[in-house]
Amino acid sequence: MDGASEAESHTGSTLAPELDGAAGVGYAPSSRRSHGPYPRLSRPVELMRPSYDVVVIGSGYGGGVAASRMARGRQSVCVLERGKERWPGEFPETLPDAMRELRVSGEFAPGDRRSVPGKLVDTGNPTGLYHFAVGDGQNVYMANGLGGTSLVNANVFLEPHPDVHKMDVWPEELRGKEKWTRYYDRAKEVLEPTVYPESFPELLKTSMLKEQAKQMSCGDKFRLVPQTTRFEDGPNSTGVVMHASTLTGMDATGINDGSKSTTLVTYISDAWNWGAEIFCECEVRQVAKAPEGRKGYIVYFTWRSGKRDHFMPTFYDDLMWVHAKKLVFFGAGSLGTTEILLRSKRFGLDISNEVGTEMSGNGDMLGFGYNTDRPVNCIGNPRPNPNRPVGPCITAFIDQRDQDRTLDGFVVEDCAVPFALAPIMVPILEYLPNPKRRFYRPLQAVAKYASRLRGKVFGPYFVRGSVQNTAAYLIMSHDSSQGTLTLRENTPVLSYSGVGRSESVSRIHGFLETMTEKVGGMFVANPVWTLFGKHEITVHPMGGARISPGGTGKDGVTNHKGQVFKGDGAEVHEGLVVCDASNLPAALGVNPFATITALAERSVELAAEDQHISINYGTKNGILNLFDSPKYPVTTNEHEDQGIDRLANVIAKAKDSAKAGVEFTEVMSGFIHAGGEVEDFEDAAKKARSYGEAARFFLTVKSWDVSELVNSSLHPANLTGTFACSSLGGTFLVQRGTFRVFHHDSREPDTTNLTYDFDMVSTSGRKLHFYGYKTVNPAAFLAPVRIWQQTSTLYVTIRDRSDTAEDRRGEVVGRGMLHVQPADFLKGLTTFQASGPSSWARLRSVASYVGFFTKQLAVPFLAPLGRLQWPGARIAETYLATPPSQSMRVVAADGVESTMLMWDPAVPKSAGGQQPSAPAPIILFIPGAATDHTIFALPTIEKNAVDYFREAGYRVYCVTHRVGRTPVARKGYTPYDARRDIRAALEHIRKTQGGEKIYVVAHCAGSSALACGLLDGTIPGKWIRGITCSMVFMNPKFGFVNHLLSNLPVTLYSKLVSPWWDCTSDRNDTYLQRLINQLLRFYPVGDPRETCRSVVCHRSELVFGRLWTHKNLNSETHERLEHFLGGTSMNSLEWLMRAGRVECVTTNKGENLATPENIERLRGIPILFLSGTGNRVYTAENTDKSYSILCNAHGKHLYDRKVFPDKGHLDAWMSPTAYRDVYPTVRQHVEWVMKNL
């Protein structure tokens, strides 16, 4: 094969969709699945299910085998991988890029510590590709990512020496090479190892090793390694299209030419095609048995997305989890699986005490033959010279395993140094202290010095430089397997003290020194060995959860199947299976992944047999299109699938449209009382605090399309994370929840909510529904502290969600409040990040969201200065108006006509559409000034007063008198005049209904007009069965502001401007009215919450006082006040102001009507007085005064008075909740009157 053409044709990404032939088929984009330049087999964690048949931890060789085989067994499979998904073309190449992918953790303990503890470290990128675990005596290099360490290993597929399988560290079921052959063959079928082709270019580093073998008199021990590097284009055994190696030598940092047969392109791709669901950035912490009553195990993990780790220690306290119904496979690697088992044991899982003991570094060593007499070319190069390629990372080895003692055997492999390390090779080889500097003869020393000088000056790639003449050796041997892994401060600590100072290391170092000297070089031990005081570094950690040779937990952690022992006996956790390097009982003396894979194949096969799972080994995938959907998906819960599909479509749509998104993480904590008996949120939180019912959520908010988040009326984003409350059942998993930011609150005017709405499930399987809202309203006017309180306080209701129907409202099981703590708020700010196809898109995304958020907060903060809300002609679509049964005109004695409406009682369903034959009791409603029947028949609330009493069996009348919302009001009539209209209405009703007495509900000016008529005798008391006087009767007493304004000369306005004041206005009104509208922004309202932007609200407040407590009106009512309020004449207003000043109703001439003589006319009429503590038109004291006068005059038995907390003036009738408090109170009085009088 021509090296030049090979290198040129395959340099760079293998996944370009424009490639022809097989490659084009394998990676061709599909319209059915969102994609970028690289495939993505992993799914967003937001799409994870709460429960699977099988959970696989890790995605290396063991995890990959388990995922593939279980998926082929048609099990629902969840794969959890700590790292990220990367494909060829995405791996770092330069040193700066590689450093950004480095994580360093463990115990930094250089030198011979003599039992003195080192320093715990954990720094760098927590999901980085490269993980360097430091320890006492031994350090480990491994990888995080989808594919595990297979992403950065040397691809060498070597089986151990047959004698290794005969060692007594193996149980009888695994002792002997013949017990393994079947599984090695199965691994070969998938991974397809092959040796470096003879037709490929000669490799200098391989030739050097061959020469050294010859010089050491072991030329017959030189061999080419079987490796899982691809040397030809085409699909692999799984159906993933691969490319031939470009011989860059960069395997150890992840290779970008698409030639590396990692588990990602073999077992994991196969698992994906057979329906396994794969999730990255999920660090498993521990495993526990499922709670009583539920089978299987709970796998707890941290989710590293959304910068959630900024919330320490919550990040490790509030763990996410997934339920494994049948099996959990541990494939997180030797250190990863052992750490998980150690922590699981610490948290109560019964495991052998041998966990974390007798670990091995596989006798790994690294060394260099520096500055030899011939070129070696072992420094990786992403674009190698076609005539001088580097080659695969490892191509050949010297096999020194045939020894008298099996444990004395070792192999020496040629090795390529990654391109990322090239810049530091000269310093490493030149300046690190080395106790054995070789002596050269004078001429030889001069030549060596010149070579070193060229290397220093011209760099590591200079052909005649010292680095180009340097060989790299990777050695696998045997060690004493005396390493341990423990948890110190919940951090894994590796200890293998003295391994680098052992006799075995010295013996092998001697061999390496000799073979290096044979070719004129100087042996340099690995940099870690030198820098850290004779500490070794291994890329093949083993053990920690080793197989027991005796079948009990006394001498191992698992049985021969990989099943985890319960304690020290033979009983096992049948659903917990270890299938990675942690299961190996000792060093193998060769690269171990062939053995790991074979052992995993066996363990998974046996687990399937135990669980009666039939694995389909025979069906081939064909060529996979990794941009498409899996060919063999596993269907689980249809209802659950629908929710997942909906979110998946949202994500795919955003990605296909190249939308930018935002995400951040939030922690809120507080107290939630377990129970629904306390309805008030604050009271429930106080009770929860006293009971110690603490609660907290830890949620990541994510929108894949910031334009939808900002512009949609719903402003939706997704919620994922946890909710924890011990009194409700522990830690709940939150998936596919809905977050809405500044969503319009229909319950209150000028109010928006930040809502958190999600289903959640506990580890026991209990399902609950969480609904919480933050309220942002004008109470925050010029009040930064109030803005903080509003945006950091969440009012929470939790309901039972045992049924799967989406519209089901279950019983309330919890209520309380959560708060954002200042420290958590600051942490949350650091988690804010944008996603998008470009830096510009991400910048725009941030600007869009921040601008939207700021604007929404500015509205309540600067409430009076915002855009005024003008009257509009549109009628709400949700109007619930009930048309009257009859409309009639009634004429007063002075000839003035009024409109009266009548509604028949609601027909019960049992009556078959027929009105009852018995006469229905009658109620007459009388509205106040500037209003009409709509305040009682309000169409913007679910149940108004008219509907309420109709449903109770009453025939309801309502008269709009001459000072109400009627054209007649412009003629200057007063409430005193309106008494004639009430008499006319009563006469009409009595005439049509047989002369019976009538119960009257009168509000405000209507109540005052009724009082005038009864007191002066215009309305006979004998016509009245009973009265509800709403907010005022015969002794009006103004609130503070109205009292101050009551002395203003309204006649002046009448003379200079108009005798009429209209509560409505528009943008095209007169200049004076427009000026008034602007000035009314700043009209004093008391509580800032009563600030609003409604022109109608402002104008009505000026003449009547504040007519409602805003929180008691829903937004639809407040936005359409022009449909319910008219205006007032200056004459009517003057009468109301005079009555308020003198605190009694009067004639038009100002004569007091509330005299003892007139009050006598009220004898025998039962009256209920209603007031609200939030009424700013009339104080609650005014009804108390009338009540007291009548009680003193006629006795208490016919009078009652109710004061409603927080109710204002009109909202007593117009509130959406009035049917729960005000209407029943009135009905109770009506029924008492009807029954007893």
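Good morning. A search of the whole structure finds six cavities of 30 Å³ or more. Please keep in mind throughout that this is a predicted model. The largest of these cavities has a volume of about 60 Å³. Which residues line the largest cavity? They are R86, P88, F91, L151, I255, K260, T262, L264 and V265. Sorted by class, this lining consists of six nonpolar residues, one polar residue and two charged residues.

I turn now to the sheets, beginning with one of six strands. This sheet is open, its strands are paired antiparallel, and their order is 7-15-16-17-14-20. At its edges are strand 7, residues 222-224, and strand 20, residues 522-525, each of which pairs on one side only. On average, neighbouring strands in this sheet are turned by 30° against each other, direction ignored.

Within this sheet, let us look at one pair. Strand 14, residues 365-370, runs antiparallel to strand 17, residues 471-476, and five bridges join the two. Which residue of strand 17 does L366 stand opposite? The residue is L474.

Just beyond strand 14 we meet T372, in the loop that leads from strand 14 to strand 15, residues 396-400. Is T372 buried or exposed? Its relative accessible area is 2%, and buried means under 20%, so T372 is buried. The C-alpha atom of T372 is separated by 7.8 Å from that of A471, although the two residues are 99 apart along the chain.

The second sheet is also open, and it has eight strands in the order 33-34-36-35-37-38-41-42. Here the pairing is mixed. The edge positions belong to strand 33, residues 886-891, and strand 42, residues 1199-1204, and each pairs on one side only. Neighbouring strands of this eight-stranded sheet are turned by 20° against each other on average, again with direction ignored.

A parallel pair can be found in strand 35, residues 922-926, and strand 36, residues 955-960, which are joined by four bridges. L924 has Y957 of strand 36 as its bridge partner.

Strand 38 leads us to an unusual backbone angle. As a general point, most residues other than glycine have a negative phi, and most peptide bonds are trans. M1031 is not a glycine, yet its phi is positive, at about 80°. This residue sits in the loop between strand 38, residues 1024-1030, and helix 25, residues 1040-1045. With a relative accessibility of 0%, M1031 counts as buried.

A further positive phi, of about 60°, occurs at E281, which is not a glycine either. E281 belongs to the loop between strand 10, residues 277-279, and strand 11.

Let us continue along the chain from there. Strand 11, residues 282-289, is mostly covered, with six of its eight residues buried. Seven bridges connect strand 11 with strand 12, residues 297-303, in the antiparallel sense. Which residue in strand 12 is the bridge partner of E283? That partner is T302.

The loop between strand 12 and helix 9, residues 314-317, contains P313. A cis peptide bond, with omega about 0°, joins M312 to P313.

Next comes a strand with a partner on either hand. Why can strand 30, residues 793-800, be described as largely enclosed by the rest of the structure? Six of its eight residues are buried, so the description follows from that count. Strand 29, residues 767-776, pairs with strand 30 in the antiparallel sense through six bridges, and L768 stands opposite D800 of strand 30. Strand 31, residues 812-819, also runs antiparallel to strand 30, and seven bridges join these two. In this second pairing, Y795 stands opposite M817 of strand 31.

My final example is a helix. Helix 13, residues 503-517, has 15 residues. From its first C-alpha to its last it reaches 21 Å, close to the 21 Å expected at 1.5 Å a residue. Which residues of helix 13 are buried? They are S504, V505, I508, H509, F511, L512, E513, M515 and T516. When you examine such a list, recall that an α-helix has 3.6 residues a turn, so residues three or four places apart point the same way.

Thank you for your attention.

Note on methods:
Residues are numbered from 1 along each chain as its sequence is written. This is a predicted model: local features need pLDDT of at least 70, side-chain atom pairs count only at pLDDT 80 or more; totals for chains, interfaces and linings use all residues. Side-chain values use heavy atoms; hydrogens and water are left out. Two strands pair if DSSP finds at least two bridges between them. Axes are lines fitted to C-alpha atoms, for helices over the stretch in contact, and angles run from 0 to 180 degrees between N-to-C directions. The expected span of a helix is 1.5 Å times one less than its number of residues. Buried means under 20% relative accessible area, exposed over 50%, partly exposed in between (1.4 Å probe, protein chains only). On a 1 Å grid over the protein atoms alone, a cavity is a set of points where a 1.4 Å probe fits but cannot get out, and a pocket is an open set with protein on both sides within 12 Å along at least five of seven lines; lining residues have an atom within 4 Å of a point. Grid points are joined across faces, edges and corners, and a volume is the space filled by probe spheres set on the points. Ala, Val, Leu, Ile, Met, Phe, Trp, Tyr, Cys and Pro count as nonpolar, Asp, Glu, Lys and Arg as charged, and the others, Gly among them, as polar.
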